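Here is a short report on one protein model. It starts with charged side chains and ends with the overall fold.

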Amino acid sequence: MTTPLVTVCRDCCCGSAKKHPDVDHGYHLEVVRAGVAGHARFRVADCLDVCERSNVVVVQPSPEGKRRGARGVWLGEVLSDEAVDAVVDWTRAGGPGAAAMPEVLRPLVMPRPATKKK
């Protein structure tokens with residue numbers, strides 16, 4: 001594939017009305033799904049194992065972005081309409097390695113979690 005990949009976590013902590021009752025999680029999910037259609041691959045993950053954060057979104061670069069040295073960007077607390085729209089706009093512009101990250105997303109960047117050994 002030649003497009004970025006957007007993964008949205010939705011499980012016990014992410015997308016939870018119990019944890020964030022004032023956020024329309026279903027609406028945000030559909031905004032991202034529809035917004036990146038035709039510009040990126042999209043998937044919903046059951047759990048990304050970062051339960052200390054919530055509403056996690058991961059934007060992986062396209063192969064071209066990877067060749068430019070970009071890596072996946074993990075974002076936590078993607079809770080506002082502004083942040084959701086910024087994820088969509090950035091992805092549509094090419095995502096990591098192809099377009100500058102919107103300023104509104106910078107405070108949401110989190111370290112990629114360590115891989116758990118089985």
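Glu30 and Arg33 join their side chains in a salt bridge, at 3.2 Å from N to O. The model is predicted. Both residues belong to helix H1, which covers residues 25-36. They sit three residues apart, about one turn of the helix. Glu30 has 41% relative accessibility, so it counts as partly exposed. Arg33 is partly exposed too, because its relative accessible area is 34%.

Side chains of opposite charge can pair when their charged atoms come close. A search of the whole structure gives five salt bridges. The table lists some of them, including the pair just described.

| Salt bridge | N to O distance |
|---|---|
| Glu30 and Arg33 | 3.2 Å |
| Arg53 and Glu77 | 2.8 Å |
| Glu64 and Arg67 | 3.0 Å |

**A link across the chain**

Arg53 and Glu77 meet through their side chains, at 2.8 Å from N to O. This pair links distant parts of the chain, with the two positions 24 residues apart. Arg53 lies in the loop between strand E2 (41-45) and strand E3 (57-60). Glu77 lies in the loop between strand E4 (73-75) and helix H3 (81-92). Is Glu77 buried or exposed? Neither label fits: Glu77 is partly exposed, because its relative accessible area is 28%.

**A small network**

Glu64 and Arg67 form a salt bridge at 3.0 Å, N to O. Both are in helix H2, residues 63-67. They are three residues apart there, so about one helical turn separates them. Glu64 is partly exposed, at 34% relative accessible area. Arg67 is exposed, at 62%. Salt bridges with shared partners join Glu64, Arg67 and Arg68 into one network.

**Backbone angles in the loops**

Which loop residue has a positive phi of about 50° although it is not a glycine? That residue is Asn55. Asn55 lies in the loop between E2 and E3, the loop that also holds Arg53. Asn55 is buried, because its relative accessible area is 1% and the cut-off for buried is under 20%.

Glu77 also has a positive phi, near 60°, and is not a glycine. Its place is the loop between E4 and H3. Glu77 thus brings together a positive phi and a salt bridge to Arg53.

**The whole chain**

How many helices and strands does the protein have? There are three helices and five strands. From the N terminus on, their order is β-α-β-β-α-β-α-β.

The radius of gyration is 13 Å. A compact globule of 118 residues would come near 13 Å, so the protein agrees with that expectation. The C-alpha trace spans about 40 × 35 × 25 Å along its principal axes.

Of the 118 residues, 45% count as buried. Contacts also reach across the sequence. Among contacts with a separation of 6 or more, 69% join residues 24 or more positions apart.

The protein exposes about 6,600 Å². Carbon and sulfur atoms supply 52% of that area. The chain carries 17 positive and 14 negative charges. The mean positions of the two sets are 11 Å apart.

Definitions and conventions: Residues numbered from 1 in each chain as written. Predicted model: local features only at pLDDT ≥ 70, side-chain atom pairs only at ≥ 80, totals over all residues. Heavy atoms only, no water. Helix = DSSP H or I, 4+ residues; strand = E, 2+ residues; numbered from the N terminus. Rg over C-alpha atoms; globule rule 2.2 N^0.38 Å. Buried < 20%, exposed > 50% of the residue type's maximum accessible area, 1.4 Å probe, protein only. Contact = heavy atoms within 4.5 Å. Areas by Shrake-Rupley, 256 points an atom, 1.4 Å probe, with all protein chains shown as cover. Lys, Arg positive; Asp, Glu negative; His and termini not counted. Charge placed at Lys NZ, Arg CZ, Asp CG, Glu CD. Salt bridge = Lys/Arg side-chain N within 4 Å of Asp/Glu carboxyl O.
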